[in-house]
Structure formats: C-alpha cells, structure tokens
2 protein chains.
Amino acid sequence: MNEKLNPDLAIWGAGSGLETPCLVIESSVVDANIAAMSEVAKRNGVQLRPHAKTHKLPEMAARQIAAGAAGITVAKISEAEVMAEGGITDIFVAYPLVAASKIERAVRLSQAGVRLIVGADSLEGAKRISDAAVREGVKLEIRLEIETGLRRTGVRIDDAVQLAKQIAALDGIRLTGIYTYRGAMYNGTPTLDLRAAGHEEGLIMASVATVLRSEGLAIQDVSVGSTPTAAYAAEVGGVTEIRPGTYIYQDRMQAAFGVSTIDDCAGAVMATVISRPSDDLIVIDGGSKTFATDVQPGTSPFYLQGFGHIVGAPDAVLERMTEEHGMIRVRTDAVYRVGDVIRIIPNHICSTVNLHSFVYIADAAGQLRKAAVAARGMLE
Amino acid sequence: MNEKLNPDLAIWGAGSGLETPCLVIESSVVDANIAAMSEVAKRNGVQLRPHAKTHKLPEMAARQIAAGAAGITVAKISEAEVMAEGGITDIFVAYPLVAASKIERAVRLSQAGVRLIVGADSLEGAKRISDAAVREGVKLEIRLEIETGLRRTGVRIDDAVQLAKQIAALDGIRLTGIYTYRGAMYNGTPTLDLRAAGHEEGLIMASVATVLRSEGLAIQDVSVGSTPTAAYAAEVGGVTEIRPGTYIYQDRMQAAFGVSTIDDCAGAVMATVISRPSDDLIVIDGGSKTFATDVQPGTSPFYLQGFGHIVGAPDAVLERMTEEHGMIRVRTDAVYRVGDVIRIIPNHICSTVNLHSFVYIADAAGQLRKAAVAARGMLE
C-alpha cells in the first residue's frame, strides 16, 4: 500500500489503489486528539486511563501511554489479553467479571506481570474473584462499579457501603477504587449541558468515595468516564481518573455534541461509487457491514441525518443501507461518477472500527500502512 | 470444547464451559432448513444458488451444494476468494464490479478454474470487465442487474434493452442472464402478502427476459432473490434461479414474517447474566458488538420488541444495548441469577454472524465444535 491520502480531496478518481470500502485513520489527527486529552488530565491533576474500545489497537494504546496515560481501560478479558500481548502492562477491565473461566484468565494475566484491575458490582462476583485469587496465590485489585443513572451494571448508591465492606473483607483482593459510566448524554436528553453533566458525574462519585472512606474503606481511585464529559468531570475535586475512549478518533456524534469538530475526526471510510441510478442518488460499496448502525439517524439526542458525514458534500445524506450497499441522496448537479472514491465520517467510530478487520493508518505525509485491528470482535 | 448443547434448556447454570457471549449454530436445524429450500427449488424446476452472506462459511456452502444447490452467491470478490479457497467452484458475485483491482481479482479466480459469474448494471462497469477479460484472454459470464423497486443498484427496466445490447456487444464477456434483489418486504409495507410479492418479482423478471430475448439477446438465467419470497417467485414460469440466503439459519425477522418458526432458527447467542440491578432487569455480557442493530426494534415492517427472542422467556425484552451490555426487562418473579447462561435468537442473523469471528456448531448430539467464520468482515 503506497497510496497517499489527501484529506482535502472530497472525490478521488478511480484507480487510487485503495481497495474499498476501508477505514483510514489519520495519524496526525490522532496525535492531536491524544495530546488534547492528556492536557485535560494534566491540567486537572487526574489520571487518564483511556478506553481502548475505540481503536482496539495496542499501538494506539501505546501512543496514549507515551503521551501520559496511566494505563488503559477495556471491557472484556479477551481485550486485556490482546493488549497485554501488544505490550500494555497496566489494564483496567471495567466490567463485572463473574464467569469462572474469565476470572481464571484475569489471574493468569496478573501472574504474567500485568497490573490488572477488575470490576465488580456484586458480592457473588467478588467472592468468585477472591476464591480464584486465594487459590492461585495472587492479589487482584478490584474497583466497585457504582450505578449513577445509566440503568446498566453497577451497585446502587444506597447499597454501596454495605457491598464495599463485604468485598473489602474478602481475601486475595484489594478494593482500591470505585468507577462509573454515567453516559448521561446518551440517555435521550437533546439539550444536555455537558459541563453540568460532567460536574454532576464527578460530584456524585466524589461523594460516594467520601462516604466509603468515612466507613474506613481505603478508596484511592475515583474513576469516571466518557469523552463528552471527561473535561468537566476532571475539574471536580475528589475525582482521580478519567476514562474517555472516543476522543482518540472523535466522530460525527461527538461533533454533533460540539465536543470536537468534523476536522478533528481521525477516521473516515473510503467507499467507491458503484452506481448512479438517478441524478439524485449514488450507491456506494459499503452498507451496514461497513458503517455501524447502533446510532440511528434522526434519533435522540443527536438527530443526525443519515449514517455518516460525506466529506466535501455536507448536504449529501447516507439515507439507507443494506449490508453491502449505501444509498446516498445527492444534489442533482453533484459530479459523482461510477468509480469515484469518496470519504465518509461515520456516526459512531467505536462500533464502526469493530466491523473492520484492519485499518489503514495515514502518516502526516499521507503514506498509508495497513494495521490489523487486533482487539476487534473480542467479545469474551 | 466438549460441552453439550441442550436446546431445550432456557437457563444454563454457570460453569457450562462456554465462553460467552458466543453464537451457537444447531447443525440438525441447518440441515432441515437446507433440505426444505432444496425441495422448493426441485419442485419448481429452478436452480438454487444460496447467498452465502448468512453463514459466511465454506463448509455451510458445501452442505448447500451437496443438497442440490447449483453454486453459491456472494456480494464481494473477497467473499468469492474465501469460498473458492474453501473448495467452492461455482460462484456468482451478485454485485456490480467497477474497480479495476476487483475486476482483476475476478479474472484471477476465473483463471484458477472457478466458474465465476459477475454482476454489472452500467456500461462503464461492463467495459472495464471486458477490457480486463480481453487483456487476460479469459471469458467472463456477466449477468445484468435489473432494478425492480428497491432503489438500490440495477438498471431501470426502460433502459435494460439498450444496456443489454451494448454489453452483449463487448468482447471477453458473455451476457448470460439477468438478476434482481427486490426486497419488497423490507421496504416498509407491514401487511405484505409474500405470495403476491414473490409472484410479482418473478413475473417482472420473466417479462424483462422475454423482451431481451425478443431483441436477440441470449438470456439463459433469470435469477431472483430473498428467503421470504423465494418459494413463490420460483413458481413463476420463466424464473430459472432463486438466491435466498437467510433460510439456512432463519431468524426472528423471518419468524415474524411467518416464513419460519422460532424453532427453525438455527443460530442463537449464548450470554451470561452479569448483573441483576433490580427485580425487573437483568444485564447480559453482550450488546451491540454481539447482536446486530440493523433491524431496529419497533420499526416497520416487523415491529419486533427488542433485539432478540429470549429462549424460554418470550415475554422478556432485550430493550437496550450498549456495546458490551444488553439490558433485558424480565418478569419480577423470573429466576435469573448472576452467572446464568441464557440463549437469545437475534433479530437478523446475517449481520449478527458478521460480528462473530467464530461460531460453535452443535451436532445432533449437542457436541460443540468451534469454526472460524472465514468470510466474516470481507468488505472488498
């Protein structure tokens, strides 16, 4: 792959050499995004522990750590294994581990020298982790997940003291922190004040930590999440760590929030026009296998039109998709021809990356390099 | 993997040995579904050329061919390469090829001994195929795609005669047939009469073929698609081939159509209950990375509740998902506990298979075997 990427070019001619559809990541934009979030963490004196779910690439995790991140966050033990294999040594599995086999894998990673922190939100789960740790003679760090409004996993605040005490009394583990993913902006509030949401998230967690400490529990880490709120949550005294993920690539959803601009989006799908059935319609060679469908057009809180932003033609709309076809409504005088290659910034980059076995990473000179998305599809 | 699958068991205990979430395919159900569609084709004297997009597995394609299918259908040249690598020798790429590199890859497959048929819907695309074929000294079979209402790719019927004549005049290729994917049932008609839709699809295509033949064009193959309409389209005189895909596994969407029952669904996700935050809510370890989101709950024409059918608890609803979490509303007296493994039949099996790097295939005795989904994520 010796093709050069010219990000200013909205339409590429046929024969650019790229096999489409594919996902291209612009390295210089990545570095700028990494630097900006590192600066947020540094300014506020908190740790940055980025969620690797966005890139799923050990080399990107390494860049984040080189820029000051304390370690990384993942959701699944299989992702932790891939990251450890790729040289990452400080990993938080921010997910309640309950299955025996997964706990065993966590123990093995810990034995292999990785600083592994795992999540828990039930006594049952924590007991299983404790039993395995005692059996294997290791000491695992545990953080208790707190439910702060997403109605997902996490212990209710009312029950946190009791559960924390029970967990802290178990052998083989150390309860060192609490964490939450509030996701306030994804719950359907269209006019969400991100600053207020970030502050609220931070204040809730700092308060829970204060209560737990007053009960004698040694809570060191108070960890909060999300790209839209991280900068505000980090300002709250008592918050010690932020876990944003999307910021490394940004996406159309974040641009809709005003968290980034479209120019800050590092990832774009390259697709070929395969048909122009009518003046106002072009069909591209990527559909729902290429662009994620978890953020649906027209739905709260984004009300995005279509499944992506068409670079160079913001009024064009990727209106419909089947698995391998994308139908884009265009101006009747638009110059697209069969064979043209166009660039599209997806609504949600994390789930879009998960559809791609590899990405092309473009360096500052536009030179492309193919990289396998090593932690793609790691479900376990 | 020596675990046995008991399909009647709604809730598995922890420690079943399966790493969840994962997708399990029941082999005996697959064989029954394959046999039923083969019988449809045989009864109507048409060829069956199943779309491999559902299973993405050469071994399943081989089973379909062993049961009488003439060959297989794919959408992308990369899928054709994987299937050829897996021993499949008769492949239709039902997709307009326009990029030079993809056409070269098609030529190479043809040179390697695969009977390769490719799609075209523009003179530009056909010319490029012709040029490459002449240059390499091969003869490629081409089918012309006809637009019959999906507003996707395909030449409009009014323009079909002119384009077919132009394509037939090109060297290096033989225009041997026409094909369409009408997808009438996916265009939002909630009370669709599948019999009428299938007959209409067949009649339109048979008529186009008649007109083309009257203009001196040697149209042999008249190929129509889709699991819901295949049995009806096959009844129409002049239709020579059906290309259903989903039927091999079936899914909740087809069950909603009445095309299959839930018991005919061969694929189910196994997931572990990781949290029960309240009596009416359980959280499982699979979300939008595990279950496809292209068929959204509550939308036309299916109006399905939630993202899957919970086996053994049809009133439970997989209401919300984030990437790694599935939130299921359950009866407050339901017996789910943290660690239980449950089975869920996804709304759309094809796009769900695309999320899984491997599946477990359960034989009639329930014995599980891990199989890599070789053509997963083949976008090019």
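Helix α4, residues 100-111 of chain B, packs against helix α5, residues 123-136 of chain B, in this predicted model. The angle between the two helices is about 45°, and their axes lie 10 Å apart. How, then, are α4(B) and α5(B) placed relative to each other? An angle counts as oblique when it is neither under 35 degrees, nor over 145, nor from 65 to 115; α4(B) and α5(B) are therefore oblique to each other. As for handedness, the crossing in which α4(B) passes α5(B) is right-handed.

Let us turn to the residues that form this contact. On the side of α4(B), the participants are B:Ile103, B:Glu104, B:Val107 and B:Gln111. They meet a set of residues in α5(B), namely B:Gly125, B:Arg128, B:Ile129, B:Ala132, B:Ala133, B:Arg135 and B:Glu136. What is the character of the residues in this contact? Five are nonpolar, two are polar and four are charged.

I now move to chain A. Its secondary structure comprises 10 helices and 18 strands. The radius of gyration of chain A is 22 Å, and the globule rule gives 21 Å for 380 residues; because these values are close, chain A is as compact as a globular protein of that length. Along the principal axes, the C-alpha atoms of chain A fill a box of roughly 70 × 40 × 35 Å.

How much of chain A is buried? Of its 380 residues, 62% are buried. Finally, consider the contacts in chain A with a separation of 6 or more: 69% of them are between residues 24 or more positions apart.

Conventions
Residues numbered from 1 in each chain as written. Chains lettered and ligands numbered in written order. Predicted model: local features only at pLDDT ≥ 70, side-chain atom pairs only at ≥ 80, totals over all residues. Heavy atoms only, no water. Axes fitted to C-alpha atoms, helices over the stretch in contact; angles between N-to-C directions. Helix = DSSP H or I, 4+ residues; strand = E, 2+ residues; numbered from the N terminus. Left-handed = near helix turned anticlockwise from the far one by under 90°. Contact = heavy atoms within 4.5 Å. Nonpolar A, V, L, I, M, F, W, Y, C, P; charged D, E, K, R; others polar. Rg over C-alpha atoms; globule rule 2.2 N^0.38 Å. Buried < 20%, exposed > 50% of the residue type's maximum accessible area, 1.4 Å probe, protein only.
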